[in-house]
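Me: I am new to this structure and would like to learn how to read it. Could you take me through some features one at a time?

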Amino acid sequence: MALYDRQDELPIPPKGTEKRNTVCQYCNVGCGYEVYTWPVGTVGGKAPSDNAFGIDLSAPQPPLQGLAYTESMHSVVTNRDGRRYHVVIVPTKDSAINLQGDHSSRGGSNAQTLFSESRGTQERLKYPLLRVGDDFHAITWDEALRLLGRVIKGVHGRYGPDELTAKAADHGGANGGFANIYAVGRLFFTGLGMKYVAMHNRPAYNSEVWGSRDRGVHELHYTAEDARLCDTLVLWGANSYETSTVFYTEHMQPNFQGGTQSEKREVFDDGEPVIPTRLVVVDPRRTSTLTILEAIDPSRTLHLRPNLGTDYVLANAVARVIWERGWQDQEMIDTRTDAATFEDYQEKSLQLGKPLDELLGEAEEITGVPRAQIEQAAEWIAAPKEGGFRNRTLNIYEKGMIWNYKNYDTIAALVQMEVLAGNIGRPGTGCGRQGGHQESYVRPPYPGGRPPPNVDKYLLDGNGKFYWVIANNPYLSTPNNQLFRKRIHERTLALTSFLSILDESAGEPSSMDELADRVLQGVEQTGGLFMVVQDIYQTEVARDAHLVLPAACWGEIDMTSVNCNSRLLRLYEKFMDPPGEAIADWDIMARTGRQLAELYEAEGDGESAQRFAGMEWQSDEDVFLAGGQEFESNEVPADMEASLHPFNYKGVDYAMLRELGQQGIQTPIRRDPQSGELVGTKRRYTERFGTESGLFEWYGTDAWPGFPAEVQKYLEGDKAERYPFWMTTGRNQTIWQSAYHQRHNPEKMLTVPLPYVELHPDDADRLSIESGDMVSLFNEEGNGTFVAYVTEAARPGMVFAIQYHPGGTSNGMVSPYTDPKTTIPWYKGARVAVRRLEGTIGSVKRTTSFRSQIDFS
């Protein structure tokens, strides 16, 4: 018997079926998709004139070039009108991102994430839920909002905004884009003045790339085309095949294979040679991102495997070699960068007062990367081509850098290395993030300071009386999460217990107003925490909540986001209704704001009510347009694009985006001073950098200080023997983030049934561990149980553990260290012990492939 249904035949959309544009809800790439919806009971024919695809379906589609339509791209949904509809979601052919109609394993199963009573997605939240003792009871939105508004107002009035805390998603794609993100900021920052607000994947309201932005370079400035045009592609802490799949297969790989030479000749300078593209991968692991291109030509690949946490030392060493060899772009340094700050960079980052041999010796000792590889990397990044033409290097970094030790200095070192070499602003160049997800950031100014406060620590220390979690799961994602989960559970339980003990004289609260009063009494007397969780599923963190709010998601609202490799703004059109009473995040924020305004008005406090004025939005577009007003004027000439916010879309409306379709428009969007037309920006920083002066501002990074105390303790005395492994963490291509959707898809969960850890064969032999064995990873922060994958992808003495999985997370063992300059955690470096558990889970070995991801034999 099959574990999930297989379809012998797929329904064909009839001619005239309604077609909408959308973009994949998952990773940073932003592949384009077409959505066909029509009532169940009719189907199209195989002839081109009989189906909405307009193609001949009587014969097989040509390999790689034909229409991709598989059973995972079809679903049947029931809308609020009670009618059942077919939904088909197929990759489009007119996207600048997935050029051949390509798709990843995630995007190819978008249809399987749609709400249906006949699939695992039936677990979607449908109604507001109120905790009553150990149970959750469905309530109306009016009641939920009354309680929410009274508690927020009560905490704000008695204690001030600092006792209101939140952790909210700030991204596009599945989280709903610009409208949702703006509405959250409008309520929290303008309305309530909250500063104890954290981002979805870190404990503070901060940027992971201030080290670049402070120099005048926003991390999203290159375009997908640059991956096709570069002479050297550097992937620094970016496992692109796993986490940016179609960007890799459709843009990076064709360049390496020589398939983009004609494109290069069109944009390169006259006489500039087109050379075979080279790849530099900086990653402590061997990944499929490396080995796929290694299999094509190993002589054009270089793998640097730095010790965890030492990347900024490595980047500075590469930069010093570039300087010593005279490969720097002196014209850019002299005309486009700040001379005063350059002295600080020369002294501290390049360490020009120290002989090169001495510096490289120290760098080799600290990073573990041989001097010869440091020098080769510098050559491939910056050595001129024949004829004296500057090399074109695109350096893409991701979680391996932004979640590294000394976040600020690490990002600064990398972008400065590439500016030194002149690899910004020209076709085929750039130094920016790959991105973890699509982006849609627009919010009013954050009222906190910099570095921002650590909200996790604030809550752990017993502060905060109200905690609102929106579209994320900190019980899985926050660092040192076992302690965090334990403490939040204790504090929410204290309030739950207080609310469950009825005062005989008072009896059961007879209204939400009375319940709110009792909540306020409870948080005061018990040190408890009132927690609200707003999501599409009842996740781990929602189990401790007092109020759970059901949100609509991708496909159920009109959304807008930009992808990361090109900042391409498109409209993700609604094609189905949300389940039950679920509504958009922006709508929840708007209703809460209006509720608060009513409560203040009832007391005659018009001044406080005015803080929530303007939140009477009636549509997704209303909020999108309101968010656009937060941006500065975009009526600037082309040579001033660097002065604009990277996502500025002022003047754009949904009608324009519907007309543009998959072609979209690249932000920042300017209104041309001469023509008045809205114009996109293909590639940033061609003439100026994003500082007030327009000059790049250098920064002298810190000297290597050794590891932070939170990790250094594991490297001394008997702890060094007790916890002998370095642990780094990451994701898996099959599931995404916390697997919020995939955990409800049996096919996905059978592929990755348990959290796993990779060990090198030498370590596995020493510990008598085989692939498929169960092992325990532990340290003084926490522990977890994982299935072992024995593979040479991990190097001896280091393990790689999956970061988020419904069955467990490696984040329980991550230290509480954060960079003092940014409050960014070091997710990627911890010390652990590994212990084999007795026995096996037979079904895991029967259903899971343990073939090494780097074995292409």
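Reply: Gladly, and let's start with one pair of residues: His-74 has Val-88 in β4 as its bridge partner. This is a predicted model, where local features need pLDDT of at least 70, side-chain atom pairs count only at pLDDT 80 or more, and totals for chains, interfaces and linings use all residues. Residues are numbered from 1 along each chain as its sequence is written, and side-chain values use heavy atoms, with hydrogens and water left out.

Me: Which strands pair with β4, and in what sense?

Reply: Strands here are DSSP runs of E with at least two residues, while helices are runs of H or I with at least four, numbered from the N terminus. Two strands pair if DSSP finds at least two bridges between them. Strand β3 (residues 74–78) is antiparallel to β4, with five bridges. Strand β2 (residues 32–39) is also antiparallel to β4, over seven bridges, and Thr-37 is matched there with Val-87 of β4.

Me: What lies between β3 and β4?

Reply: The two strands form a hairpin with five residues between them, and Gly-82 in the turn has a positive phi of about 85°.

Me: Is β4 mostly covered or exposed?

Reply: Buried means under 20% relative accessible area, exposed over 50%, and partly exposed in between, using a 1.4 Å probe and protein chains only. Strand β4 (residues 84–91) is mostly covered, as seven of its eight residues are buried.

Me: How do I read a helix such as α20?

Reply: In general, an α-helix has 3.6 residues a turn, so residues three or four places apart point the same way. The expected span is 1.5 Å times one less than the number of residues. Helix α20 (residues 585–602) has 18 residues and reaches 26 Å from its first C-alpha to its last, close to the 26 Å expected. Of those 18 residues, 13 are buried, leaving α20 mostly covered. Just after α20 comes Gly-604, with a positive phi of about 80°.

Me: How many disulfides are there?

Reply: A disulfide is a covalent bond between the sulfur atoms of two cysteines; here the test is a pair of cysteine sulfur atoms within 2.5 Å. The search of the whole structure finds zero. For Cys-431, the nearest cysteine sulfur is that of Cys-230, 13 Å away. Cys-431 counts as buried because its relative accessibility is 0%.

Me: How many cavities does the search find, and what lines the largest?

Reply: On a 1 Å grid over the protein atoms alone, a cavity is a set of points where a 1.4 Å probe fits but cannot get out; lining residues have an atom within 4 Å of a point. Grid points are joined across faces, edges and corners, and a volume is the space filled by probe spheres set on the points. There are six cavities of 30 Å³ or more. The largest has a volume of about 490 Å³. It is lined by 33 residues, and those closest to its centre are His-171, Ala-471, Asn-472, Gln-737 and Tyr-740. Both α17 (474–477) and β15 (530–535) supply at least two residues of this lining.

Me: And how much space lies in the second largest cavity?

Reply: The second largest cavity holds about 360 Å³. Its lining has 26 residues, with Gly-237, Asp-283, Gly-400, Thr-729 and Lys-828 closest to the centre. Strand β22 gives the most to this lining, with three residues.

Definitions and conventions:
On a 1 Å grid over the protein atoms alone, a cavity is a set of points where a 1.4 Å probe fits but cannot get out, and a pocket is an open set with protein on both sides within 12 Å along at least five of seven lines; lining residues have an atom within 4 Å of a point.
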